[in-house]
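The exercises below are to be worked with the sequence and the coordinates side by side. Each task is followed by a solution that proceeds step by step.

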Amino acid sequence: LMVAPEQSLRVLVEKWLGAVSAGHLHVRAIHRIRAGRRRCICVEVERISGSATSAFTLFFFRHDDGAWHIYPPETVRPAMSLGRLAA
């Protein structure tokens with residue numbers, strides 16, 4: 001799934017959740033992950049079907065390229081390189 005970096009979080013939420021009235025969608029939490037200064041948004045949606053109400057939560061993660069996805073970015077791990085030593 002490729003998402004253009006200029007695509008807003010609002011557009012991505014509408015893509016995954018469809019047209020949801022503002023009263024049924026809540027941003028529950030905004031997390032800032034210290035490692036890499038990344039952000040995570042928790043969105044909760046309530047759906048009413050007849051007399052039953054169901055709720056579910058999605059997390060959206062900001063990636064290094066500025067794009068939002070529903071999966072977290074890969075963790076940058078330390079790596080060794082021989083390229084610098086060969087020169």
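**Exercise 1.** Which residues make up the largest nonpolar core?

Solution. The model is a predicted one, and the core is to be read with that in mind. Its largest nonpolar core has 8 residues, namely Leu-12, Val-13, Leu-17, Ile-41, Val-43, Val-45, Phe-60 and Trp-68. Taking the elements next, helix H1 and strand S2 each supply at least two residues of this core. As a general background to this step, nonpolar side chains in soluble globular proteins tend to be buried together.

**Exercise 2.** Determine the order of the strands in the sheet, and explain which strands stand at its edges.

Solution. The open sheet has 4 strands, arranged in the order S1-S2-S3-S4 with antiparallel pairing. Strand S1 (25-33) and strand S4 (68-69) each have a single partner strand and therefore stand at the edges, so that one side of each is left without a neighbour in the sheet. Against this sheet packs helix H1 (residues 9-17), which touches S1, S2, strand S3 (52-62) and S4, and whose direction makes about 140° with that of S3.

**Exercise 3.** Trace the pairing of strand S2 with each of its neighbours S1 and S3, giving examples of bridge partners.

Solution. Begin with S1, which is joined by 8 bridges to the antiparallel strand S2 (residues 38-49). Among the bridge partners in S2 are Glu-44, which pairs with His-26, and Ile-41, which pairs with Ile-30; Ile-41 is also listed in the largest nonpolar core. Turning to S3, 10 bridges join S2 to this strand, and the two run antiparallel. One of these pairings sets Ser-49 against Ala-52 in S3. S2 and S3 form a hairpin with 2 residues between them, and Gly-50 in the turn has a positive phi of about 65°.

**Exercise 4.** Locate the salt bridge, and decide whether each of its two residues is buried, partly exposed or exposed.

Solution. The structure holds 1 salt bridge, in which the side chains of Arg-28 and Glu-44 meet at 3.0 Å, N to O. The pair links distant parts of the chain, since Arg-28 lies in strand S1 and Glu-44 in strand S2, 16 residues apart. For the second step, the cut-offs are under 20% relative accessible area for buried and over 50% for exposed, with partly exposed in between. Arg-28 has a relative accessible area of 48% and is therefore partly exposed, whereas Glu-44, with a relative accessible area of 18%, is buried. Glu-44 thus appears in two roles, as the bridge partner of His-26 and as the acidic side of the salt bridge with Arg-28.

How values were computed:
Residues are numbered from 1 along each chain as its sequence is written. This is a predicted model: local features need pLDDT of at least 70, side-chain atom pairs count only at pLDDT 80 or more; totals for chains, interfaces and linings use all residues. Side-chain values use heavy atoms; hydrogens and water are left out. Two strands pair if DSSP finds at least two bridges between them. Contact means heavy atoms within 4.5 Å. Axes are lines fitted to C-alpha atoms, for helices over the stretch in contact, and angles run from 0 to 180 degrees between N-to-C directions. A salt bridge is a side-chain nitrogen of Lys or Arg within 4 Å of a carboxyl oxygen of Asp or Glu. Buried means under 20% relative accessible area, exposed over 50%, partly exposed in between (1.4 Å probe, protein chains only). A nonpolar core is a set of buried Ala, Val, Leu, Ile, Met, Phe, Trp, Tyr and Cys residues joined through side-chain atoms within 4.5 Å.
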